[in-house]
Structure formats: C-alpha cells, structure tokens
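Here's a quick briefing to read with the structure open beside you. It goes topic by topic, so feel free to jump around.

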Amino acid sequence: MALLRKKKKLYEGKAKVLFEGPEPGTIIQYFKDDATAFNNKKKDIINGKGVLNNRISESIMTHLNRAGIPTHFIKRINMREQLVKKVDIVPIEVIVRNVAAGGICTRLGLTEGDPLPRTLIEFCYKSDELDDPLISDDHIYCFGWVEPYELDEIKIYALRINDILTGLFAAANLQLVDFKIEFGRLQHEDHSEIVLADEISPDSCRLWDLDTKQKLDKDVFRRDLGNLTEAYIDVARRLGIRIDSNKLHEQHEEQE
Ligand code: 5GP
C-alpha cells in the first residue's frame with residue numbers, strides 16, 4: 001500500500017482548506033463540500049460541490065491566465081485539490097456588478113434584475129466577525145491595506161476579468177450578474193506583483209440563464225431554490241467541462 005504523505009494544514013476557511021505545497025512558494029487548495037450563507041448563519045454539506053468548484057475554478061483561471069491575467073493558479077492535482085502559488089492575500093473582497101442583485105438591492109432599494117448604468121466595482125473589508133463591511137477607496141488608503149498603485153491595478157484587472165468572463169459565460173448562455181474576487185501579492189526577489197487568487201466559481205458569482213433568468217449559482221442554496229449540485233453541474237457542462245457524476249463524492253484522503 002502506498003505511504004500517504006501528511007500535509008501541513010495552514011488555514012481552514014468556510015469552503016476551502018489550504019495546505020503547505022510540495023515546493024517552497026506553493027500551496028495546495030482543497031475544496032470542501034461545505035456550503036455557508038449569510039455569514040455562516042445557514043450551513044449545509046452539499047455533496048460534490050467541492051469537486052465541481054475545483055473543476056469550474058480551474059477552467060476559469062486557465063482561461064484568464066491565457067487571456068493575460070496573472071493568477072495564483074498552477075494546476076489541478078486531483079478531484080478536490082489544486083496547486084497554487086503562495087501569495088499574501090490582500091484583505092479586500094472586490095465585487096463587480098453588471099446587474100442589480102443581492103446586497104446592492106437591499107442597500108440602495110434597487111429591483112433585482114435592473115441593469116446598472118455601467119459596471120460597478122465595490123470593495124468589502126474581509127472580516128467574518130464584521131460581516132465583510134462595504135468600504136471605500138479611502139478606507140483602503142487610510143488603513144494602508146493596498147498601495148494606491150496596487151488598487152489602480154486591481155481595478156483594471158477587475159474590469160478586464162469582467163469583460164473576459166462576461167464573454168465566456170455568454171457563450172454558455174449564461175449572464176454574469178456579479179462576482180467576488182480576491183487578489184494577493186506574489187513576492188518576487190525585489191518586488192511584489194498583484195495576482196488574482198482564491199477561486200472563481202458559482203459560489204462567488206451570480207449566473208443566470210440568459211433566456212429564462214434561472215439562477216445557477218449559490219443563490220439556489222441561499223434562497224432554497226432547488227438542487228445546488230444540479231445547478232453547478234449545469235454550469236460545468238455549459239463551460240465544456242466533462243463531469244463524471246460517479247466521482248462527485250470522491251474525498252481526497254490526505255486531509256489532516
Ligand atoms: P452580494 O454583495 O450581493 O451579497 O454579493 C455580490 C457577489 O459577490 C455575489 O456573486 C456573491 O456570491 C459574491 N460574494 C460576496 N461575498 C462573498 C463571500 O464572502 N464569499 C463568496 N464566495 N462570494 C461572495
């Protein structure tokens with residue numbers, strides 16, 4: 001029997017676990033089946049979600065890499081894990097919105113589905129205890145979370161990612177309503193580089209069928225609209241990802 005190598009756990013989040021990677025400067029990102037919403041107030045285990053998000057995020061990150069967006073993604077290792085570059089995550093969630101939905105409707109009294117006058121970028125401070133509060137550019141400068149030139153880069157990347165992904169999803173008959181992305185600093189010898197990190201999946205995007213407006217993202221879980229696994233399988237298949245339903249429940253054995 002093969003000897004299993006124990007990996008050192010570095011961090012456990014709501015949907016992923018990070019382990020030390022095989023080489024210095026690398027990390028293994030493990031996708032769990034846990035689903036949470038409303039800052040952990042609603043929780044469940046959705047069989048296969050981790051496998052689907054691993055595959056969908058791999059496909060999107062690969063597409064973005066090819067389009068010239070620097071990302072932390074190196075390669076997928078197995079059904080639940082991917083190898084990524086080690087970065088220092090900046091403590092800001094970047095939200096890009098094309099259509100009104102979710103938080104902005106509550107905050108500004110908009111109707112879900114209303115088109116926005118233009119693409120809108122919002123920032124939230126990454127803090128579970130504080131419920132990821134909305135912040136302005138000036139909070140970011142004031143507290144020194146990101147240098148002004150880095151924030152300029154982040155905004156340019158966010159809009160380019162939106163353009164690229166809007167096209168990718170439109171080809172799959174999906175509307176990219178909004179999404180959340182995170183960035184990290186990749187340390188080079190004499191400078192650091194802002195790169196896209198974390199994941200992009202139906203956990204972090206709102207995706208609606210272009211014709212029927214059917215929701216195929218985590219709102220299915222948040223609002224009890226049906227079977228989340230089936231919605232994510234639909235997204236994966238539309239993106240041309242071959243999903244073997246028998247392998248959705250595979251766990252990887254090396255978790256500590
Ligand atoms: P809202 O602010 O409307 O709740 O979220 C806007 C978009 O960002 C949605 O696509 C939502 O899924 C995503 N989003 C916001 N906060 C989080 C978060 O903490 N985790 C994940 N995975 N996605 C988030």
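**Backbone oddities, core and strands**

With a relative accessible area of 13%, D198 counts as buried, since the cut-off for that is under 20%. Bear in mind that this is a predicted model. Below, D198 gets its backbone context, followed by the nonpolar cores, a helix and a strand with its partners.

**Positive phi angles**

- Most residues other than glycine have a negative phi.
- D198 goes the other way, with a positive phi near 60°. You'll find D198 in the loop that links β13 (192-197) and β14 (205-209).
- K213 isn't a glycine either, yet its phi is positive at about 65°. This residue sits in the loop between β14 and α5 (219-222).
- Is K213 buried or exposed? Neither, quite: K213 is partly exposed, its relative accessible area being 39%.
- G68, just after α1, also has a positive phi, about 95°.

**Nonpolar cores**

- Which residues touch the most other members of the largest nonpolar core? They are I161, F183 and I200, out of 54 residues in that core.
- Helix α4 (residues 148-170) supplies the largest share of this core, with nine residues.
- Leaving aside residues up to four places away in sequence, F183 touches a long list of others, including D88, I89, V90 and V94. Also among the contacts of F183 are I154, Y157, A158 and I161, as well as I194, V195, L196 and A197.
- There's a second, separate core of five residues, and V17, F19, I28 and Y30 are among them.
- In soluble globular proteins, nonpolar side chains tend to be buried together.

**Helix α1**

- Helix α1 covers residues 49-66, 18 residues in total. From first C-alpha to last, α1 reaches 26 Å, close to the 26 Å expected at 1.5 Å a residue.
- Because 13 of its 18 residues are buried, α1 is largely enclosed by the rest of the structure.

**Strand β9 and its partners**

- How many residues of strand β9 (residues 92-99) are buried? Eight of the eight are, so β9 is largely enclosed by the rest of the structure.
- β9 runs antiparallel to strand β10 (residues 115-125), and seven bridges join the two. One of the pairings to look at is V96 with its bridge partner I121 in β10.
- β9 is also antiparallel to strand β12 (residues 174-187), to which four bridges join it. Here I95 has K180 of β12 as its bridge partner.
- In a regular strand the side chains alternate between the two faces of the sheet.

Methods. Residues are numbered from 1 along each chain as its sequence is written. This is a predicted model: local features need pLDDT of at least 70, side-chain atom pairs count only at pLDDT 80 or more; totals for chains, interfaces and linings use all residues. Side-chain values use heavy atoms; hydrogens and water are left out. Buried means under 20% relative accessible area, exposed over 50%, partly exposed in between (1.4 Å probe, protein chains only). A nonpolar core is a set of buried Ala, Val, Leu, Ile, Met, Phe, Trp, Tyr and Cys residues joined through side-chain atoms within 4.5 Å. Contact means heavy atoms within 4.5 Å. The expected span of a helix is 1.5 Å times one less than its number of residues. Two strands pair if DSSP finds at least two bridges between them.
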